[in-house]
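Student: Could you take me through one part of this structure in detail? I would like to see how its side chains are arranged.

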Amino acid sequence: MKSELRPNFAAHHEAFQAIEGAFQRLTSAPQSKAVLRRFFQSWSQTNNSAMTVAGISNRLSQIAFLGRPVRHRDALLKSLCSLHRIIDEDLAVTHRVLHSELYYAMATGIVGDDGWLSRQYLSKEAIAFKGWKDTQSLRDDDLMIALLTTLVHEIYTHGEVEYILPRFKHWLEVVLGHSSHDAAKTLGWISVHCGPTEKNHFFHARDTIMHYAEAVGARLESYSLAAIVAAYLQKKAAVMSAIFADPVVTNRPPLPVLAQSA
């Protein structure tokens with residue numbers, strides 16, 4: 001998987017530039033309420049994955065419920081157990097706070113009201129991203145495609161939250177004048193996903209794939225991540241570019257290239 005992930009992420013320099021530049025544009029200055037509403041409504045469609053993961057787990061459990069033949073039933077149960085660990089925090093199974101509540105508090109605290117919830121601020125690019133991801137996860141007949149898409153999503157979001165937290169913190173405290181206490185409280189949704197949280201979700205996604213492959217006798221070497229990574233990053237970049245058509249351009253190599261050389 002590592003040999004598939006690294007080169008395929010590193011191959012999309014322009015998509016990363018668009019995404020990083022949009023986040024830099026957002027956090028470099030105060031933004032109008034219309035821009036903030038459009039950003040938080042559309043961005044939410046690219047990172048809200050708990051219901052999608054729950055849907056994949058339903059697909060897995062249907063295999064056992066309907067009595068479909070598998071090679072190793074115990075491995076199927078292990079794949080379900082690993083998949084569910086991805087959404088423990090999101091659904092407040094641990095830490096007691098629904099992450100949807102944290103996102104609501106963050107977006108509403110920065111925008112100033114919850115008008116961002118209106119679907120009128122949802123871009124067609126964000127609808128396309130969510131539609132593609134749901135098709136991959138819930139409609140494709142091959143469940144392995146759903147699990148590989150989840151793997152790509154989890155490692156991408158691990159990088160995104162680590163990248164944006166210091167920028168959002170600077171934005172709120174220095175540019176927008178929030179106190180350190182209020183900024184930390186407002187940015188709870190981002191900070192709870194930093195550190196081991198999203199990284200462990202990636203490992204749970206990996207374990208789910210390994211157990212599922214054993215359960216159904218799938219050959220992982222027959223799958224490629226190239227198309228999934230490409231579609232994911234290009235559609236994500238389209239969402240961000242639709243909000244900020246003039247992203248900040250940096251001269252340094254993009255994050256995946258830096259990670260590959262580390």
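Which residues are linked with K33 in a network of salt bridges?

Tutor: Happy to, with the reminder that this is a predicted model. The network joins K33 to R37 and D113. Within it, K33 forms a salt bridge with D113, and their closest N and O atoms are 3.2 Å apart. That pair links distant parts of the chain: K33 sits in helix α3, while D113 is in the loop between α6 (99-111) and α7 (124-139), 80 residues apart. K33 is partly exposed, with a relative accessible area of 37%, and D113 also counts as partly exposed, at 24%.

Let's stay with helix α3, which spans residues 33-47, and turn to its aromatic side chains. F40 is in contact with Y103, M106, A107, I110, V111 and W116, leaving aside neighbours within four places in sequence. Ring pairs also link F40 into a cluster with F23, F39, W43, Y103, Y104, W116, F168, W171 and W189.

Now look at W43. A search of the whole structure finds 21 aromatic pairs. In one of them, the rings of W43 and F168 have their centres 6.1 Å apart and their planes at 25°, so the pair is stacked, the cut-off being under 30 degrees. This is another link between distant parts of the chain, since W43 lies in helix α3 and F168 in helix α8 (residues 143-175), 125 residues apart. Both W43 and F168 are buried.

F168 has a second partner to inspect. Its ring and that of W171 have centres 5.6 Å apart and planes at 90°, so this pair is edge-to-face. F168 and W171 both belong to helix α8, where 3 residues, about one turn of the helix, separate them. The relative accessible area is 0% for F168 and 1% for W171, which is likewise buried.

These rings also bring us to the largest nonpolar core, which has 72 residues; F39, F40, W43 and F168 touch the most other members. Helix α8 gives the most to this core, with 14 residues. In soluble globular proteins, nonpolar side chains tend to be buried together.

So, to follow helix α3 on your screen, begin at K33 and its salt bridge with D113, move to F40 and its contacts, including Y103 and W116, and finish at W43, stacked on F168.

Methods. Residues are numbered from 1 along each chain as its sequence is written. This is a predicted model: local features need pLDDT of at least 70, side-chain atom pairs count only at pLDDT 80 or more; totals for chains, interfaces and linings use all residues. Side-chain values use heavy atoms; hydrogens and water are left out. Rings of Phe, Tyr and Trp (its six-membered ring) pair if their centres lie within 6.5 Å; planes under 30 degrees apart count as stacked, over 60 as edge-to-face and the rest as tilted. Helices (H or I, at least four residues) and strands (E, at least two) are DSSP runs, numbered from the N terminus. Buried means under 20% relative accessible area, exposed over 50%, partly exposed in between (1.4 Å probe, protein chains only). A nonpolar core is a set of buried Ala, Val, Leu, Ile, Met, Phe, Trp, Tyr and Cys residues joined through side-chain atoms within 4.5 Å. Contact means heavy atoms within 4.5 Å. A salt bridge is a side-chain nitrogen of Lys or Arg within 4 Å of a carboxyl oxygen of Asp or Glu.
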